[in-house]
Amino acid sequence: MLLLVDENGNPVGSAPRKKCHSDNSLIQLVVHLEIFNSKGEIYLQKRSPFKDMYPDRWDTAVGGHVRAGEDPFLALVREAREEIGIDASEAKFFTKFLHRCPAESEVCFLYTMTYDGEFAIDHDEVVDGRFFTMDEIRSRLGTGFFTGNFEKEIKLFEK
């Protein structure tokens with residue numbers, strides 16, 4: 001069961017994942033983590049081709065749903081450990097925003113951290129991962145290379 005929220009991120013209920021990904025009137029609460037290395041590059045993950053949303057696209061380093069009754073920061077730490085095998089307990093809250101697309105709606109709690117260590121990718125969820133320069137990212141915006149949510153996030157960082 002996924003946590004449902006209002007447009008400000010306040011809990012209002014829960015619903016099955018499949019229903020959330022087919023009804024954009026239901027707003028899910030998700031967490032995302034942008035990881036920067038000491039050179040200012042951004043680590044991105046390539047989503048599995050088996051994902052129901054945005055398969056085979058590059059996305060934020062970590063992203064996941066907050067479960068019903070779960071604290072968003074603890075969800076972020078859990079997702080980072082599951083997806084890329086790192087400890088994200090030093091991540092800092094950056095902002096929250098509403099993202100809508102035809103299939104779903106999300107309030108995203110966005111966190112950031114600097115990390116230069118190793119990753120242990122869970123290949124059931126993530127196909128690949130690597131650091132990108134901002135120039136690489138800018139050159140691919142609007143081409144379908146990234147998820148729509150990531151494209152919205154990167155614009156928040158550039159402000």
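Which residue in β9 does K46 stand opposite? The answer is D128, and the strands around that pair make a good way in. What you have here is a predicted model, where local features need pLDDT of at least 70, side-chain atom pairs count only at pLDDT 80 or more, and totals for chains, interfaces and linings use all residues. Residues are numbered from 1 along each chain as its sequence is written, and side-chain values use heavy atoms, leaving out hydrogens and water.

**Strand β4 and its partners**

- Strands here are DSSP runs of E with at least two residues, numbered from the N terminus, and two of them pair if DSSP finds at least two bridges between them.
- Strand β4 covers residues 42-47, and five of its six residues are buried, so the rest of the structure largely encloses it; buried means under 20% relative accessible area, with a 1.4 Å probe and protein chains only.
- With strand β9 (residues 126-132), β4 runs antiparallel and shares six bridges.
- Strand β5 (residues 58-60) is also antiparallel to β4, through three bridges, and T60 in β5 is the bridge partner of L44.
- Two bridges tie β4 to strand β3 (residues 27-36), again antiparallel, with F36 partnered by I42.
- The hairpin of β3 and β4 has five residues between the strands, and G40 there takes a positive phi near 85°.

**The cysteines**

- Counting a disulfide as a pair of cysteine sulfur atoms within 2.5 Å, you get zero disulfides.
- C20 is in none, as its nearest cysteine sulfur, that of C101, sits 12 Å away.
- C20 counts as buried at 0% relative accessibility, and C101 is buried too, at 13%.

Key:
Buried means under 20% relative accessible area, exposed over 50%, partly exposed in between (1.4 Å probe, protein chains only). Helices (H or I, at least four residues) and strands (E, at least two) are DSSP runs, numbered from the N terminus.
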